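Keep the sequence and the 3D view side by side while reading. The paragraphs below go through a few regions in turn.

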Amino acid sequence: MHSRLLIVFALVPLVFLVGCGSPITDPAASLRDPGRSGSVHREALRMLMEQPDPPRPDGIDAVQGLAYRPGYEQGMRLEGLAWLAQVDRETLLTTLRRRLPRVSDHAWLRALCEFVAEHNLVELDEALVSSWGRPWSGNLPDEQRPEYLALLQMHGVGAPERIVWETFLSATRPSQNGIRFRCWDLLHRLGGRNRLIELVSAETESDSDGHPLLKPLHAAAISFGTVPWNREEVLWIHKLADPSRADFWESAEAATAAISPERRGALEIRDLPIVAAAATHRPELLAASSGQLYTQIHRRTANQRHFREQDPGFLPGKDLDHRLSSHRDQLTWGDLLAISMALEALDAPQIRAHVFHFADRDLMDETTEYGGIIDLDEAGRFNVREFPPRIRVHDRRFEAPQQMFDAGYTGLFHFHNHVEKHRNGAHAGPGAGDMAYADNTRANCLLFTFVDENTMNVDYYRHDGVLVDLGVILRPMTTQRGG
């Protein structure tokens, strides 16, 4: 009996040793192994930090992985990076320069930005800006973003905005295309658009020669008093600055010169073709105030029949009002001028005839919606241009091809149809996909919807949820009542 008890007690230490795990023989491999426990990771890190100088390359590699490999306790990660800052600062900087902009874990990004600021790693300014330029889920204000706070701590008040602009100017290599656009977006998010126009205007042509974006931006600021908002508009200005469109550039420059500096500063790129067309067709409109334009539009549309999309596909709780009055505070002078020009175009019998003929063919094609551009022809008359879809998806979707975008750079409106049947008033209005298209392209858009065989509803819409139902148009030569 006693001998068996002694055997049991003798086995207890052996079981304990097995439960604790085998000794760490390769700390670098143990630290890199995501399957090991937190205690093993901490012990492996301690062993690596206590190794005699110089640290082994595999140990350096394992520790720098703490910056981006998941599964580590935050305090241990920071401890390892602090050690790396002392023994191999360049490796740490290289790792964080590449990895910090890709961090999606908000808690770790906060801790990492605080680490950068505490260690005054000013060499990582560009990485902080690149990370800051990415959207933050939850819409955290930019002045509360950890990247902003890190730049503020390292450089002082006013420095973050300046560093974003300097980063944009220095991003000249082809591989830096992403950060160029993130900087441009961030500069707008920071709310200093007028200041941004001033900065771009102040850059000389020689200074902008080596920058992939700056030269056409500078030209737009000087010629039109405005600059693009987003990536698509930057491309838009690049296309307009091409020598093949020199005639349009000159006409838009002359037209915008006829309006006040304040109004020029509020223009968007989509307004340039509208202003140039107004100068040709209705030059008196360029002198009209927003109030005068609004009153004229209200008189034209107030007594019209109006229809709206019953199933737009927006997120729950979101809805778009299609009434002119509901968007009065959002409608810019450029919007009102565009709506006036749309009504002018739709007054032309040849335009309405083309729109209806196009819709008739669309109705017979169940593989796609149809769409195109309304612009001016070589004689300066309103013109409808048709474009086949890039791909055919189904009867409630239009995929615009690149040729349509190319035509749209000098065109007045992008348009498409909702004409799956003649009595389609329940789908008279842009859906979520249409509004996303407007947000991305920032174009002026029109939508035509059959409400009966001889009547179509017309909607004007653009980015940021602005939607105005313009009423209905009648098929030319019809005697049926349309409104």
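In which sense do strands E1 and E3 pair, and over how many bridges? This is a predicted model, and in it E1 and strand E3 (residues 413-418) pair in the antiparallel sense over four bridges. One position can be picked out in the view: the bridge partner of glycine 371 in E3 is histidine 416.

E1 also pairs with strand E2. Strand E2 covers residues 382-387, and its pairing with E1 is antiparallel, over six bridges. Here aspartate 375 has asparagine 383 of E2 as its bridge partner. The hairpin of E1 and E2 has five residues between the strands, and within this hairpin glycine 380 takes a positive phi near 80°. As for exposure, E1 (residues 371-376) is mostly covered, with five of its six residues buried.

E3 appears again at the largest pocket. About 500 Å³ of space lies in the largest pocket. Two elements, E3 and helix H23 (432-441), each give two or more residues to its lining. The lining is made of 25 residues, and those nearest the centre of the pocket are Glu369, Arg396, Arg397, Gly433 and Asp434. H23 provides the largest share of the lining, five residues.

The next region is helix H7. How far apart should the ends of H7 be, given its 13 residues? H7 runs over residues 106-118, and at 1.5 Å a residue it should span 18 Å; the C-alpha atoms at its ends are 18 Å apart, so the model agrees with the expected span. At the N-terminal end, aspartate 105 acts as a cap, with a side-chain oxygen 3.0 Å from the backbone nitrogen of alanine 107. After H7 comes asparagine 120, which has a positive phi near 50°.

Which residues of H7 are buried? They are Trp108, Leu109, Ala111, Leu112, Cys113, Phe115, Val116 and Ala117. These buried residues pack against four helices: H5 (74-87), H6 (89-99), H8 (125-132) and H9 (146-155).

The last element is helix H18, at residues 271-281. Eight of the eleven residues of H18 are buried, and therefore the helix is largely enclosed by the rest of the structure. "Buried" here means under 20% relative accessible area. The buried residues of H18 are Asp271, Leu272, Pro273, Ile274, Val275, Ala276, Ala277 and Ala278.

Conventions. Residues are numbered from 1 along each chain as its sequence is written. This is a predicted model: local features need pLDDT of at least 70, side-chain atom pairs count only at pLDDT 80 or more; totals for chains, interfaces and linings use all residues. Side-chain values use heavy atoms; hydrogens and water are left out. Buried means under 20% relative accessible area, exposed over 50%, partly exposed in between (1.4 Å probe, protein chains only). Two strands pair if DSSP finds at least two bridges between them. The expected span of a helix is 1.5 Å times one less than its number of residues. Contact means heavy atoms within 4.5 Å. A polar contact is a pair of N or O atoms within 3.5 Å; within protein, one must be able to donate a hydrogen and the other to accept it, and residues adjacent in sequence count only if both atoms are side-chain atoms. On a 1 Å grid over the protein atoms alone, a cavity is a set of points where a 1.4 Å probe fits but cannot get out, and a pocket is an open set with protein on both sides within 12 Å along at least five of seven lines; lining residues have an atom within 4 Å of a point. Grid points are joined across faces, edges and corners, and a volume is the space filled by probe spheres set on the points.
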